[in-house]
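This text leads a new reader through one structure, one region at a time. Please keep the sequence and the 3D view at hand while reading.

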Amino acid sequence: MTQENQPSSLADIVTASGHIAYDWDLVADTITWQGPWQDLFGNGCEPPHDAQTFASLIYPDDHHLVFTESPVSFDREYRLRLPPDGHLMWITEHGVTSYRDGHAVRQQGLLRIVDSPENNIRLPLFSSQDLDSLTGLPNRATMLAQMDQVLRGLKHFKQISAYLTVSIDKMAFVNEAIGMKAADTLLLNVAERLTTLVPPRTLVARVGGDVFGILLPGQGQVAQGLAESILNSFRNTPVETSASPYHISVSIGGVRLVGQNLNTAEIMIRAEQALHEARSNGRNQYIEYRESAARIRETRERLNIGERIKQALKRNEIHLAFQPVTDTETGAILFYEALARVFDDDGQMMAADKFIPIVEQHGLAPEFDRHILDLAVHEMEKYDELHLAVNISGLTASEAAWPQHIQQVLKQHPHVARRLIVEITETAAIINVEETQRLIQTLESLGGKVALDDFGAGSTSIRHLRTLKLAIMKIDRELIVNLTNNKEQQHLVRMLNSIAHGFNLKTIAEGVETEELAQWLRQEKIDMMQGYYFGRPSLDRPWLEMKNNGATEIRLETILGEQNGVTEVRVASLIQPQASA
Ligand code: C2E
Ligand code: CA
Ligand code: CA
């Protein structure tokens, strides 16, 4: 091979690799190019031959990335703004700098045009399972997937992106005020309003019942301005509903990814922390996430728990703890509520209230709830008189695929269906009434039941009880636990009980911790009771013990977990007239 052949074969290699090479003599200020530079600068154009011409092509926001003291070897990403129409093109570059006497004298680099990350954000055609059935917006899982795509893209692009989470203030109150049909149209119109307020190439999704997420890929600088225009829009203009226009306000939490190396879970946690702060500061405002030691600690803990849950799901390490629900009149155990438990890395048992919110934050709720349903069905297959109640999260309840899933599972286990109760919280039930109704119908057609959980916890609407043909109403623990000295709460519980009976619903009082309470509830003719007084949630199968002990006495021995190295055990003895589960 001759000397003359070498440069052209090098150029061939560069061309074949899809790279464009440059050699920049910093002393003479001349740049020479090799490879398919026409792809970049256009056919019939000259490539830039000096620093000034090159600089004029670099997107102004990215100047500092190119014209900076370069290390001996570097990787960078920046945008070029190119003739004839000023379109932007993303470049990644690997280069080296040569130094002489401490001064940079030469730079050589390989450039590559990357698929514009904006193009990846061009919303793909979503299929119905990616979309929320009420608003037609992408759902939480879709948002997480898109966010992940941005994060996998160019480092620089990622860092100029932002995420906002927008929540409707006091949605339960709005529901109550205008009724759920109108509230549905309100949600729909909020979704539409957000979609018109955001800049192009922005993803708006419904990430929770009354919470929307806005992903701003490559446009983090507009986050604050956008948040303000959203706040103003709702301050100034009421939202149309199928009833009359209704004034709402929103709270917004934001995260900018500048200088951060975050994953989707961290972004969601931070946005929600900021949102939480905006809400506790009096709502109707925007707060951008700022780091603090306490927050970092909290985030780390949440991430750890999230990882642990993912691992536990994979390894089949989620456990069920069973808590009895007893018949008020006879004291017989009618069914058990199955509550999820997971052991953390230190072998400590975590109760559901510690990790369920994180499961939801990570978008794992539907998967988690499917898993719990499987465990419960398995358990009922094994013990043919066992009746179990499982909980599903609000995010699962509003998932269009869920009724179908439950139907599928129960058809495979026909003997289980009539022994299954699904508990759904009141807030979740009324946020997507249509899906809730579908779930109730599906379960009922197979012989199962739906219980409304935590009733009376939020702002409660009796209207919903009429529409939703439920079987059981669980009166929220908070209303029950300190009932004995509170006349007002006694009155409320009495009222809820008689309303429920008016709708032909059976009632359960949760959180019954004392005999005194149990007595009051018996006298009020609440149908069923559940609480520490009758038995703590237990990993052992209490019904087995019941069989061993015959029909007279059952010992509910429950290991609730360890605290500070001490195992907490609670033993409750019950007189059981009949050994029926
Ligand atoms: P919940 O459905 O209201 O469950 C009752 C919670 O109250 C349980 O907490 C239980 O341990 C606790 N509890 C029971 N009796 C008493 C009592 O007498 N006094 C007091 N102070 N507390 C009592 P846990 O297991 O931490 O569950 C918290 C919440 O997590 C549940 O509230 C439920 O909403 C959710 N959850 C539990 N398991 C699952 C699950 O498998 N899937 C989903 N999606 N959510 C679950
Ligand atoms: Ca429950
Ligand atoms: Ca409850």
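The model is predicted. A good place to start is the calcium ion (ligand 3), which is coordinated by D453 through OD, by D454 through OD, and by E510, whose OE is listed twice. The distances at this ion run from 2.0 to 2.7 Å. Along the sequence, the donor residues of the calcium ion (ligand 3) have the spacing D-D-x55-E.

One of these donors leads on to another ion. D453 bridges the calcium ion (ligand 3) and the calcium ion (ligand 2), and 4.1 Å separates the two ions.

At the calcium ion (ligand 2), the coordinating residues are E337 (OE), N391 (OD1), E423 (OE) and D453 (OD). Here the distances are 2.1 to 2.3 Å. The donors of the calcium ion (ligand 2) are spread along the chain with the spacing E-x53-N-x31-E-x29-D. Two of them, E337 and D453, link distant parts of the chain, being 116 residues apart. E337 belongs to strand β12, which covers residues 333–343, while D453 belongs to strand β16, which covers residues 449–455.

How buried or exposed are these donors? The cut-off for buried is a relative accessible area under 20%. E337 has a value of 5%, so E337 is buried. D453, the residue that bridges the two calcium ions, has a relative accessibility of 6% and therefore also counts as buried. For D454, a donor to the calcium ion (ligand 3), the relative accessibility is 26%, so D454 counts as partly exposed.

Now turn to a sheet. Five strands make up an open sheet, and their order across the sheet is β2-β1-β5-β4-β3. The pairing between them is antiparallel. At the edges stand β2, residues 30–34, and β3, residues 73–82. Each of these has a single partner strand, which means that one side of β2 and one side of β3 are left without a neighbour in the sheet. From one strand to the next, the twist averages 25°.

The pairing at one edge can be followed in more detail. β3 is joined to strand β4, residues 87–100, by 10 bridges, and the two strands run antiparallel. Within this pairing, L80 stands opposite M89, a residue of β4.

Methods: Residues are numbered from 1 along each chain as its sequence is written. Chains are lettered from A and ligands numbered from 1 in the order in which they are written. This is a predicted model: local features need pLDDT of at least 70, side-chain atom pairs count only at pLDDT 80 or more; totals for chains, interfaces and linings use all residues. Side-chain values use heavy atoms; hydrogens and water are left out. Donors are N, O and S atoms within 2.8 Å of the metal (3.2 Å for Na, K and Ca); water is not among the atoms, so sites may look incomplete. Helices (H or I, at least four residues) and strands (E, at least two) are DSSP runs, numbered from the N terminus. Buried means under 20% relative accessible area, exposed over 50%, partly exposed in between (1.4 Å probe, protein chains only). Two strands pair if DSSP finds at least two bridges between them. Axes are lines fitted to C-alpha atoms, for helices over the stretch in contact, and angles run from 0 to 180 degrees between N-to-C directions.
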